Amino acid sequence: MIQIKHLTKTYGTSPDAPHALDDVSFDVADGDIMGVIGMSGAGKSTLVRCINLLERPDSGQIVVDGRDVTGLAGAELRSYRRRVAMIFQSFGLLAQKSVLSNVCFPYLAANGRVTAENRERALELLDMVGLRDRAADYPAQLSGGQQQRVAIARALACDPAYILCDEATSALDPASTNTVLKLLRDINRSTGVTIIVITHSMGVVEKICKNVVVLEHGHVVEKGAVPDVFAAPQSDAAKVLLERVDWDA
């Protein structure tokens, strides 16, 4: 379980500096697919960067499986990040390396070398995402949807307990988006990995997520099961994202 407890993050030192996150609290249960949604500037990307400690919160706690990880450093931080994989909007693949080498990169980063066993596992992961036959190709030879599937295989290389998806489908066309979302859903069902989906699209949340947190200006303004929030949104932000606003009123 991931527990976000009273997380606050401010950029700038002046007393009136804006809060990217302001007292954000929610839990993500093991095996859940949790959506974190909000409009631009809501604090979504800051939140995900705090969860994997690319950003340090000013206050509050990130508790993972009962352990406060907020202050981790050095080898403990590296070990934690292997358990919390990231999938980015821009894919983040290494252009000069083959598809197989990209999926093997976490092994190289962790151990300084790639073993035959690592390569075999990487090929299994490429098979899982339907791209084993493209192992020798380079990212530029793949479509955007295919590149994101390679990024998913790479994220799975170290058998993470959690996957953070930061706008992972916003650069894709609808067909590729559906392929990637179905793949993530199937991975969740087959492995039990917990997934946090950062998005500005209620359509993405509806298709894949079980629960959702709505952010607005760094605050949690609504949270709950996806069917409940979709059926009766309580916050103005959720109503806008669901397009349940009378713009002519």
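**View 1. C165, a buried cysteine.** At 1% relative accessibility, C165 counts as buried (buried is under 20% relative accessible area, exposed over 50%, partly exposed in between, with a 1.4 Å probe and protein chains only). Its closest cysteine sulfur sits in C209, 9.0 Å away, and that's too far for a bond. For a disulfide, the two cysteine sulfur atoms have to be within 2.5 Å. This is a predicted model, where local features need pLDDT of at least 70 and side-chain atom pairs count only at pLDDT 80 or more, while totals for chains, interfaces and linings use all residues. Numbering starts from 1 along each chain as its sequence is written, and side-chain values use heavy atoms, with hydrogens and water left out.

**View 2. C158, a partly exposed cysteine.** C158 has a relative accessible area of 26%, so it's partly exposed. From its sulfur to the closest cysteine sulfur, in C104, is 11 Å, again too far for a bond. The structure holds zero disulfides.

**View 3. Helix α3 and its kink.** Helix α3 covers residues 99-111, 13 in total (helices are DSSP runs of H or I with at least four residues, strands are E runs of at least two, and both are numbered from the N terminus). First C-alpha to last is 19 Å, close to the 18 Å expected at 1.5 Å a residue, where the expected span is 1.5 Å times one less than the number of residues. Look for the kink of about 40° at F105, shortly before P106; the bend is the angle between axes fitted to the seven residues ending there and the seven starting there. After α3 comes G112, with a positive phi near 80°.

**View 4. The buried residues of α3.** V99, L100, N102, V103, C104, P106 and Y107 are the buried ones here. Their cover includes α4 (116-128) and α5 (144-156).

Definitions and conventions:
Contact means heavy atoms within 4.5 Å.
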